[in-house]
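Here is my note on the two-chain model, set out as numbered points. Please read it with the structure open.

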Amino acid sequence: MKKMNMRSASHRVAVYGIMTAVAMVFGYIEHLLPLPIGIYGIKAGLANIVPLTILELFGAFPAAVINLVRIVLSGILFGNTVSIAYSLAGGALSLVVMMLIRRIRGITATGVGIVGGVAHNIGQLIIAVFLTDEIRIAFYLPVLIIAGAIAGLLVGVIASMTLQNKNIKKISNI
Amino acid sequence: MGMKKNNEGKKKIIGRTDILILVSLVAVSVVALVLFGIMFNARGKTVVVTVDGEEYATLSLDEDTVLEVKTERGYNLVVVEDGKVYVKESDCPDKICVKSGEATELKTVVCLPHRLTVSINNK
């Protein structure tokens with residue numbers, strides 16, 4: 001970890017900035033083209049490819065910072081305070097759980113993504129229960145777990161493939 | 001990290017552990033859904049509409065009604081029809097409440113931008 005900090009601070013700033021921008025674009029694409037399912041909390045979560053990839057490449061702290069910047073900027077540009085609260089709850093819980101789960105032996109970035117997707121939906125469900133004061137929303141949990149697992153599978157496979165890309169390895173060697 | 005050493009010894013895209021996690025999460029959820037279905041089989045009789053967590057109106061499922069919910073956050077049109085209840089119109093940005101279709105004993109229709117819920121009570 002230490003030796004790669006030698007390259008240069010500006011290189012790192014540039015890489016993190018690109019990652020933030022990519023995550024915002026993913027989020028915006030999904031905002032423009034939502035899945036026509038009509039159940040709360042069901043989407044592919046393409047923006048989560050970025051925190052997962054960064055978590056695997058650079059560790060938890062950069063992933064947390066980039067995700068926070070992404071959520072706040074996207075929220076200001078395209079959303080509102082409520083959507084920021086949802087994204088933060090989902091993003092934070094998902095990142096913490098992914099940090100813990102990736103220590104399991106034999107798990108790949110895909111497995112981390114699956115668990116992260118599920119955690120993301122659970123975080124958002126918790127906020128939804130608070131905002132509506134309607135505990136029965138919790139009955140959505142099984143549906144949201146299945147949806148989160150499938151979305152997380154997609155996100156995880158894309159992140160895994162990204163991590164194997166030689167150019168990504170080169171760029172990330174900071 | 002450490003990818004310099006063996007560029008060819010790449011990691012797998014998906015492994016047995018990942019599949020195990022996926023399958024067990026889905027299996028637990030399916031079991032939970034089946035259990036919920038058994039637990040809440042009783043026929044719902046009343047529709048409860050809440051705004052901001054407070055009860056706004058209680059409607060009977062047996063008679064067809066149209067309820068206009070106007071709050072400072074916006075407007076929703078709740079329709080009871082043939083023992084079913086759904087949100088027909090809303091001026092919220094995402095329209096998820098409208099797309100959600102009818103509420104059931106297990107499914108609360110929610111309009112988060114307006115903090116509105118429509119659920120069926122078992123009483």
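1. Start with helix α1 of chain A and its cover. The buried residues of α1(A) are covered by elements that include α2 (49-58), α3 (60-78) and α7 (166-172) of chain A. Contact here means heavy atoms within 4.5 Å. The buried residues themselves are Val15(A), Met19(A), Thr20(A), Ala23(A), Met24(A) and Glu30(A). Buried means under 20% relative accessible area, exposed over 50%, and partly exposed in between, with a 1.4 Å probe and protein chains only.

2. Some ground rules. This is a predicted model in which local features need pLDDT of at least 70 and side-chain atom pairs count only at pLDDT 80 or more, while totals for chains, interfaces and linings use all residues. Residues are numbered from 1 along each chain as its sequence is written, chains are lettered from A and ligands numbered from 1 in the order in which they are written, and side-chain values use heavy atoms, with hydrogens and water left out.

3. Overall make-up of chain A. Chain A has seven helices and zero strands. Helices (H or I, at least four residues) and strands (E, at least two) are DSSP runs, numbered from the N terminus. Of the 174 residues in chain A, 49% are buried. Among contacts with a separation of 6 or more, 71% join residues 24 or more positions apart.

4. Helix geometry. The expected span is 1.5 Å times one less than the number of residues. Helix α1(A), residues 9-32, has 24 residues and should therefore span 34 Å; its end C-alpha atoms are 35 Å apart, which agrees. Helix α5(A), residues 109-132, also has 24 residues and an expected span of 34 Å; its end C-alpha atoms are 34 Å apart. α5(A) is mostly covered, with 19 of its 24 residues buried. Asp133(A) follows α5(A) and has a positive phi, near 60 degrees.

5. Two buried positions in chain A. Asn48(A) sits in the loop between α1 and α2 of chain A. Its relative accessibility is 18%, so Asn48(A) counts as buried. Leaving out residues up to four places away in sequence, Asn48(A) touches Arg70(A), His120(A) and Val155(A). Ala151(A) lies in helix α6 (residues 141-164) of chain A. Ala151(A) is buried at 13% relative accessibility. Beyond four places in sequence, Ala151(A) contacts Lys43(A) and Ala44(A). The C-alpha atoms of Ala151(A) and Gly116(A) are separated by 9.6 Å, with their positions 35 residues apart along the chain.

6. Salt bridges. How many does a search of the whole structure find over all chains? The search finds four. The rule asks for a side-chain nitrogen of Lys or Arg within 4 Å of a carboxyl oxygen of Asp or Glu. In chain A, Glu56(A) pairs with Arg102(A), with the closest N and O atoms 3.5 Å apart. This pair links distant parts of the chain: Glu56(A) is in helix α2 and Arg102(A) in the loop between α4 (81-101) and α5, 46 residues apart. Glu56(A) is buried at 13%, whereas Arg102(A) is partly exposed at 31%.

7. The network in chain B. Asp52(B), Arg73(B) and Arg115(B) are linked by salt bridges. The Arg73(B) to Asp52(B) bridge is 3.1 Å, N to O. The Asp52(B) to Arg115(B) bridge is 3.8 Å, N to O. Asp52(B) lies in the loop between β1 and β2 and Arg115(B) in the loop between β7 and β8, so this pair ties together parts 63 residues apart in sequence. Arg115(B) is buried at 16%. Its phi is positive, near 55 degrees, although Arg115(B) is not a glycine.

8. The interface. Chain B and chain A bury about 3,600 Å² between them, 67% of it on carbon and sulfur atoms. Buried area is the accessible area (1.4 Å probe) that two parts lose on being put together, summed over both. The rule finds zero salt bridges across this interface. α1(B) gives the most to the side of chain B that touches chain A, with 11 residues. Each chain's share of the contact is 41 residues from chain B and 41 residues from chain A.
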